[in-house]
Amino acid sequence: MRFTESSIYQQLPPSPLQSITLPFLTAHGVKVSIKRDDLLHSEISGNKWRKLKYNLLHAEKNDQQHILSFGGAFSNHIHALAAAGKHFNVKTTGIIRGEAHYAANPTLSQAQQWGMQLQFVDRKTYRLKEQAEYLQTIQSQYSDAYIIPEGGSNRLALPGVEEICIELTQQSEQPVDHIFTATGSAGTLSGLISGTLKHSPQTQVHGIAVLKNAHYLCDTVTHFVPQANSLNWHLHTDFHEGGYGKVSPALADFCRQFTQQTTIPIEPIYTGKMFYALWQLIEQGFFPIGTHIVAVHTGGLQGLAGLKSQQKF
Ligand SMILES: Cc1ncc(COP(=O)(O)O)c(C=O)c1O
């Protein structure tokens with residue numbers, strides 16, 4: 001065995017829970033704590049690590065020393081997988097949507113430095129990434145690879161995310177009424193829902209969809225967590241700010257101000273949208289006085305360099 005659950009625990013111990021104090025929160029009578037998964041590890045950060053952990057252990061158990069996955073040219077998941085590959089000495093391959101010139105961007109050049117092999121595919125081919133026939137072709141091309149879907153959201157992603165809920169029961173001094181997360185493929189939301197059902201059933205879980213027309217993600221959640229019920233979670237679909245990757249001036253201002261006031265770095269694609277939505281809900285009086293909210297900082301800060309290079313932020 002090259003690594004085990006306990007050796008991983010030593011290298012990536014629980015992330016801190018940080019409570020924040022701001023006049024805005026005091027004025028609305030709510031307490032907000034941030035689960036700093038961005039601080040889990042300097043390279044393998046955020047929810048990406050949570051989703052990868054049991055996939056890595058599964059590959060290790062089955063003696064598969066090559067992991068392949070899919071992602072866009074600035075993907076946090078691809079970046080984290082490449083980092084994990086370097087850290088745990090596992091070969092990694094990324095099937096990347098788009099043209100080969102993206103290989104020079106900050107995300108992918110770092111991934112290659114960590115040893116990831118890249119294969120670029122056009123957008124039409126990339127859309128086949130969940131179809132059995134295409135996956136068979138990829139599997140025969142990379143016969144030794146263990147394949148993880150885009151975003152790392154598969155069944156094995158859930159137990160890693162559930163660990164956030166276990167850590168919260170140990171770290172939080174007062175009961176957690178609500179947990180918030182940014183939602184893209186809904187693996188993290190699903191893991192938090194199954195985790196709270198097991199470890200703190202009084203907590204309600206909220207996903208802030210970062211993409212447009214995201215109602216279909218409710219089916220993803222019920223697929224992963226059939227025992228979830230409507231009292232236990234909610235997907236907010238009106239805070240996408242124009243769609244995936246769109247950064248409105250108001251959102252950009254909010255992110256800058258948030259970081260200035262809290263000294264916590266966020267980015268506008270995931271965590272910025274989540275905090276912006278949460279702040280709007282607080283302002284609208286969504287939460288009764290005395291409510292304790294935990295927002296999961298899912299990382300993604302590596303994406304800032306790419307956003308800056310595209311002059312999007
Ligand atoms: C930083 C960050 N936060 C949140 C998410 C959303 O997680 P999920 O795809 O599990 O919904 C992602 C990935 O898509 C991400 O990279």
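How many residue pairs are in polar contact across the interface of domain 1 and domain 2? The rule finds 13 such residue pairs across this interface, with both residues of each pair at pLDDT 80 or more, and the views below show parts of the predicted model in which they occur.

**View 1. The protein chain is divided into two domains.** Domain 1 takes in residues 5-43 together with residues 157-309, whereas domain 2 covers residues 46-152. The centres of domain 1 and domain 2, taken over C-alpha atoms, are separated by 24 Å in this predicted model.

**View 2. Domain 1 and domain 2 bury about 2,300 Å² between them.** Of this buried area, 54% lies on carbon and sulfur atoms. On the side of domain 1, Ile8, Glu43 and Gln302 supply 29% of the area that this domain buries against domain 2, which is more than any other three residues supply. Counted by contact, 30 residues of domain 1 meet 21 residues of domain 2.

**View 3. Four salt bridges are found across the interface of domain 1 and domain 2.** In a close-up of one salt bridge in the model, the side chains of Glu163 and Lys53 meet with an N to O distance of 2.9 Å.

**View 4. Several helices supply residues to the side of domain 1 that touches domain 2.** Helix H1 (5-11), helix H8 (157-171), helix H9 (187-199) and helix H13 (303-309) each supply at least two residues of this side, and H8 gives the most, with seven residues. Sorted by class, the side of domain 1 that touches domain 2 has nine nonpolar, 14 polar and seven charged residues.

**View 5. Lys35 and Glu167 form a salt bridge.** The closest N and O atoms of Lys35 and Glu167 are 2.7 Å apart. This pair links distant parts of the chain, since Lys35 belongs to strand E2 (residues 31-36) and Glu167 to helix H8, with their positions 132 residues apart in the numbering. A search of the whole structure finds twelve salt bridges.

**View 6. The ligand has 16 residues around it.** Among these residues, Lys48, Lys51, Ser185, Thr188 and Thr298 come nearest to the ligand. A backbone N or O atom of Ala186 lies 2.8 Å from an oxygen atom of the ligand, and a backbone N or O atom of Gly187 lies 3.3 Å from an oxygen atom of the ligand. With Tyr270, by contrast, the N or O atom belongs to the side chain, and an oxygen atom of the ligand is 3.2 Å from that atom.

Methods. Residues are numbered from 1 along each chain as its sequence is written. This is a predicted model: local features need pLDDT of at least 70, side-chain atom pairs count only at pLDDT 80 or more; totals for chains, interfaces and linings use all residues. Side-chain values use heavy atoms; hydrogens and water are left out. Domain bounds come from an automatic or database domain assignment. Contact means heavy atoms within 4.5 Å. Buried area is the accessible area (1.4 Å probe) that two parts lose on being put together, summed over both. A polar contact is a pair of N or O atoms within 3.5 Å; within protein, one must be able to donate a hydrogen and the other to accept it, and residues adjacent in sequence count only if both atoms are side-chain atoms. Helices (H or I, at least four residues) and strands (E, at least two) are DSSP runs, numbered from the N terminus. Ala, Val, Leu, Ile, Met, Phe, Trp, Tyr, Cys and Pro count as nonpolar, Asp, Glu, Lys and Arg as charged, and the others, Gly among them, as polar. A residue is near a molecule or strand if one of its heavy atoms lies within 4 Å of it.
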